[in-house]
Structures are given as structure tokens and as C-alpha cells.
Amino acid sequence: MSILKNLTLTTAQPIRANADPVERARDKVISALTEQKAMAEAKIAGQHYAPTRMVWRKDEAGERVQVQTPKRLRAGWFTDGSGQTFFALRYAGKPIEFAKGKNAITVGELSALPAILDTLTEAVRAGELDEQLAKAAAERGQMLRKAS
């Protein structure tokens, strides 16, 4: 016990890093936009973008081990029949409406997409999409409560 007397003891609790749901939503969307930008830049360069994540699996011996597996990503951009590219931001399983009845951004050429994603990231950081994100999260919550 004499070793512990050399230490300063106190009562403390950690603070949750992201207790604010608005900040948590912003961080989640910014992370998704960063991945979309990396995927778009890889597509423009003619490369394959394959991020990985760590998951727990059972090996041949039946023991749980942590392994890397490819992360499933869906491209947020799409092309219409005329070949024009659009970007739609999804949150909580729903496309976000940027304005009333407008759920996509016209990109034109795919090479312009990274700049548009940077602009969207700035808008999210500034809180311009907080209302839409909160609405999508609330709708998702209602849908999950009905299912259970």
C-alpha cells in the first residue's frame, strides 16, 4: 500500500467525446463525404478504392480473431440517361433534400465532384444541413420503432 501513497488519487469521470447529437451527425456526414471524395478521386484516376475495416470473426479453431475486411461503400453519385452526373447525399437511409423537392446536386463531369464534395463538407461544418439531418434521423427513429 505504500506505493499507492505516492500517487495523487481523486474521483473523476470521463466526458463523452460527442454527447451533442448535432455534432455527432455532422461528424458522421463529414466522414461519409470524405470517403465519397476519396472514392471519386480514385475513380477519376482510374484506380479502385477499397477501404478496409476491422471486424471480429471466428477462425478455423473456433476462436474469435480480429481481421481486416473490405468496407462496403455505395457511390453517392449517379448518371442519368444523357450521361450527366449527379450527387445525392444520404443520411439515416434517406436522401437529404437540399431545398424543397431538390435531393441531388448537378455535377456535370465526374472530375468536378471532389470540389463539390469539399463545398458540401464546408456547408455541413457551418451547420447549413442540421435541420435536414435532424429530420432524417427522426424519420429513421420512427421507422425503427415501428419495426420492433
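## A starting point: Ile116

Ile116 is buried, with a relative accessible area of 18%. That value is under the 20% cut-off, so Ile116 counts as buried. The model is a predicted one.

Ile116 lies in helix H2. Which residues does Ile116 touch, leaving out those up to four places away in sequence? They are Ile105, Thr106 and Val107. Thr106 sits 10 residues from Ile116 along the chain. Their C-alpha atoms are 9.5 Å apart.

## Helix H2

H2 covers residues 113-125. The helix has 13 residues. From first C-alpha to last, H2 reaches 18 Å, close to the 18 Å expected at 1.5 Å a residue. After H2 comes Gly127, with a positive phi near 85°.

The buried residues of H2 are Leu113, Pro114, Ile116, Leu117, Leu120, Thr121, Ala123 and Val124. What covers these buried residues? The cover includes helix H1 and three strands: S3 (77-79), S4 (85-87) and S7 (105-108). An α-helix has 3.6 residues a turn, so residues three or four places apart point the same way.

## Helix H1

H1 spans residues 21-44. The helix has 24 residues. Its reach is 34 Å from first C-alpha to last, close to the 34 Å expected at 1.5 Å a residue. Gly46 follows H1 and has a positive phi, near 80°.

The buried residues of H1 include Ala25, Val29, Ile30, Leu33, Met39, Ala40 and Ala42. Charged and polar side chains are also on the list, among them Arg26, Glu35 and Gln36.

Glu35 deserves a closer look. Glu35 is found in helix H1. Is Glu35 buried or exposed? Glu35 is buried, at 16% relative accessible area. Neighbours within four places in sequence aside, Glu35 is in contact with Tyr49, Lys71 and Leu73.

## The nonpolar core

The largest nonpolar core holds 21 residues. Leu33, Phe87 and Leu113 touch the most other members. H1, H2 and H3 each supply at least two residues of this core. H1 gives the largest share, with six residues.

Which residues does Leu33 contact, beyond its neighbours within four places in sequence? Leu33 is in contact with Phe87, Leu89, Leu117, Leu120, Thr121 and Val124. Of these partners, Leu117, Leu120, Thr121 and Val124 are among the buried residues of H2. Leu33 itself is one of the buried residues of H1.

## The largest pocket

The largest pocket has a volume of about 690 Å³. Its lining has 22 residues. Closest to the centre are Ala32, Gln36, Leu73, Arg74 and Arg90. Two elements give two or more residues to the lining: helix H1 and strand S5 (90-91).

Which element gives the most to this lining? H1 does, with seven residues. By class, the lining has 11 nonpolar, four polar and seven charged residues. Gln36 and Leu73 also appear in earlier sections: Gln36 is one of the buried residues of H1, and Leu73 is in contact with Glu35.

## The second largest pocket

The second largest pocket holds about 290 Å³ of space. Its lining has 13 residues. Pro95, Ile96, Glu97, Gln132 and Lys135 lie nearest its centre. Strand S6 (94-95) and helix H3 (130-147) are the elements that give two or more residues to this lining.

H3 provides the largest share, five residues. The lining divides into five nonpolar, two polar and six charged residues.

## Ala92 and its positive phi

Most residues other than glycine have a negative phi. Ala92 has a positive phi, near 55°. Where is Ala92 found? Ala92 is in the loop between S5 and S6. Ala92 counts as partly exposed because its relative accessibility is 23%.

## Before H1: Pro14

Pro14 is placed in the segment before H1. Pro14 counts as exposed, at 79% relative accessibility. The cut-off for exposed is over 50%, so Pro14 meets it.

How far apart are Pro14 and Phe98 in space, C-alpha to C-alpha? They are 37 Å apart. Along the sequence, 84 residues separate Pro14 and Phe98.

Notes:
Residues numbered from 1 in each chain as written. Predicted model: local features only at pLDDT ≥ 70, side-chain atom pairs only at ≥ 80, totals over all residues. Heavy atoms only, no water. 1 Å grid on protein atoms, 1.4 Å probe; cavity = no way out; pocket = protein on both sides within 12 Å on 5 of 7 lines; lining within 4 Å. Points joined across faces, edges and corners; volume = space filled by probe spheres on them. Helix = DSSP H or I, 4+ residues; strand = E, 2+ residues; numbered from the N terminus. Expected span 1.5 Å × (residues − 1). Buried < 20%, exposed > 50% of the residue type's maximum accessible area, 1.4 Å probe, protein only. Contact = heavy atoms within 4.5 Å. Core = buried A, V, L, I, M, F, W, Y, C linked by side-chain atoms within 4.5 Å.
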